[in-house]
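Reader: Please pick one part of this structure and take me through it closely, step by step. I would like to know what surrounds it and how the neighbouring parts are put together.

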Amino acid sequence: VGNEIKPEKSVVDVGGVTFGGDRFAVIAGPCSVETREQILETARAVKRAGAGLLRGGAFKPRTSPYSFQGLAEEGLKLLMEAREETGLPIVTEVMNPRDIELVLNCADLLQIGARNMQNFPLLKEIGQTRKPVMLKRGMMATMEELLMSAEYIASEGNREIILCERGIRTFEKYTRNTFDVSAIPVLQSFTHLPVIADPSHGVGIRRFVPAMARAAVAAGADGLMIEVHTDPENAYSDGAQSMLPDEFETMMGELGAYVKLEGKHF
Ligand SMILES: [Mn+2]
């Protein structure tokens, strides 16, 4: 994935939405798929606000085994229904090599979550598919380790990879993670792969997400992933960092000028 092998930037096409070209791609949606109404309502709202792709977790890697683990296959079906209605391509996580086939049927972009960044059997199996994959940086992973994990996928033949900075664990406690804006230009100096940012997990607090999104755009990110929920107070996961659809729409409106300044468009 090094740019000494391929100097020109890679463009990854996900159901007609491109990452790495002139387009600035925004993935939005809830942390978890919870109900039919929740995912359909959110899908309509984020589409209206200008998002290019819909996210939603059906398999959730939770810190506690007693927390909500996701709707699994039922969640994937609801995502497919949301795509059918809105036309938004689907981004969803695969945690277990055993679930790859199931998730391949639904997802337009497979997500490998931060906690699985070094799950090498999973990386290798996904490398054998030809499905675009978004690899999130582990919370305790260096940039080099992230790039090496991308090599695990690429070395099996799948070059459709997008990297995602989502914050790392530091001693700071006022934020959920420390959003490493520097990773965006630094990774891009090493790799031809598109690099996007997830300020929702990066900062973990709803009201700081717009500022970190602007920072990511200015740092040269190729896209964003933002958590949006119609009722964040009652969300099954990550409510504190999830934006209301109205807040997301306002942020998208404000981001437009920054995206344009970078020579890109939504
Ligand atoms: Mn989340």
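Author: Ile-162 has a relative accessibility of 0% and so counts as buried, the limit for that word being under 20%. The model is a predicted one, and every value here was computed from it. Ile-162 sits in strand 8, a strand that covers residues 161-165.

What does Ile-162 touch, once its neighbours within four places in sequence are left aside? Its contacts include Val-12, Val-14 and Phe-19, as well as Leu-109. Val-133, Met-134 and Leu-135 are also in contact with Ile-162, and so are Pro-194 and Ile-196. For another position in the chain, take Asn-3: 159 residues separate Asn-3 from Ile-162 in sequence, while their C-alpha atoms are 14 Å apart in space.

Leu-135 is worth following from here. Leaving out residues up to four places away in sequence, Leu-135 touches Ile-162, Leu-163 and Cys-164. Leu-146, Ser-149, Ala-150 and Ile-153 are further contacts of Leu-135. The list for Leu-135 also has Ile-112, Met-117 and Leu-123.

Leu-135 belongs to the largest nonpolar core, which has 65 residues. Leu-135 is among the residues that touch the most other members of this core, together with Leu-54, Ile-161, Leu-163 and Phe-248. Helix 5 gives the largest share of the core, six residues. A separate core of 14 residues lies apart from it, with Val-91, Leu-109, Met-134 and Met-225 among its members. Leu-109 and Met-134 have been named already, as contacts of Ile-162. As a general background, nonpolar side chains in soluble globular proteins tend to be buried together.

Charged residues come next. Which residues are linked with Glu-165 in a network of salt bridges? They are Arg-137 and Asp-180. Within this network, Asp-180 and Arg-137 form a salt bridge whose closest N and O atoms are 2.8 Å apart. Asp-180 lies in the loop between strand 8 (161-165) and helix 6 (183-190), and Arg-137 in the loop between strand 7 (133-136) and helix 5 (143-154), so this pair ties together parts that are 43 residues apart in sequence. Both partners are buried: Asp-180 has a relative accessibility of 12%, and Arg-137 has one of 4%.

The structure holds 10 salt bridges. One of them joins Asp-108 to Arg-83, with 2.8 Å between the closest N and O atoms. Asp-108 is in the loop between helix 3 (100-106) and strand 6 (109-112), while Arg-83 is in helix 2 (residues 73-86), so the bridge ties together parts 25 residues apart in sequence. Asp-108 is buried at 19% relative accessible area, whereas Arg-83 is partly exposed at 22%. The limit between the two words is 20%.

Another salt bridge links Arg-206 and Glu-233, and there the closest N and O atoms are 3.8 Å apart. Arg-206 lies in the loop between helix 7 (199-203) and helix 8 (209-218), and Glu-233 in the loop between strand 10 (223-227) and helix 9 (245-261), so this pair ties together parts that are 27 residues apart in sequence. Glu-233 is exposed, its relative accessible area being 64%.

Helix 9 leads back to Phe-248, one of the core residues that touch the most other members. How is helix 9 placed against helix 1? The axis of helix 1 (residues 36-49) comes within 9 Å of the axis of helix 9, and the two cross at roughly 20 degrees. The two helices are therefore roughly parallel, and the crossing is right-handed. On the helix 1 side, the residues that meet helix 9 are Ala-45, Val-46 and Ala-49; on the helix 9 side they are Pro-245, Phe-248, Glu-249 and Met-252.

Helix 8 also packs against helix 9, their axes coming within 10 Å and crossing at roughly 20 degrees. This pair too is roughly parallel, with a right-handed crossing. Val-209, Pro-210, Ala-213, Arg-214 and Val-217 of helix 8 meet residues of helix 9 that include Met-251, Leu-255 and Tyr-258. Ala-215 is in helix 8 as well, and at 23% relative accessibility it is partly exposed. Between Ala-215 and Met-252 there are 14 Å from C-alpha to C-alpha, and the two are 37 residues apart in sequence.

Conventions
Residues numbered from 1 in each chain as written. Predicted model: local features only at pLDDT ≥ 70, side-chain atom pairs only at ≥ 80, totals over all residues. Heavy atoms only, no water. Salt bridge = Lys/Arg side-chain N within 4 Å of Asp/Glu carboxyl O. Helix = DSSP H or I, 4+ residues; strand = E, 2+ residues; numbered from the N terminus. Buried < 20%, exposed > 50% of the residue type's maximum accessible area, 1.4 Å probe, protein only. Core = buried A, V, L, I, M, F, W, Y, C linked by side-chain atoms within 4.5 Å. Contact = heavy atoms within 4.5 Å. Axes fitted to C-alpha atoms, helices over the stretch in contact; angles between N-to-C directions. Parallel < 35°, antiparallel > 145°, perpendicular 65-115°, else oblique. Left-handed = near helix turned anticlockwise from the far one by under 90°.
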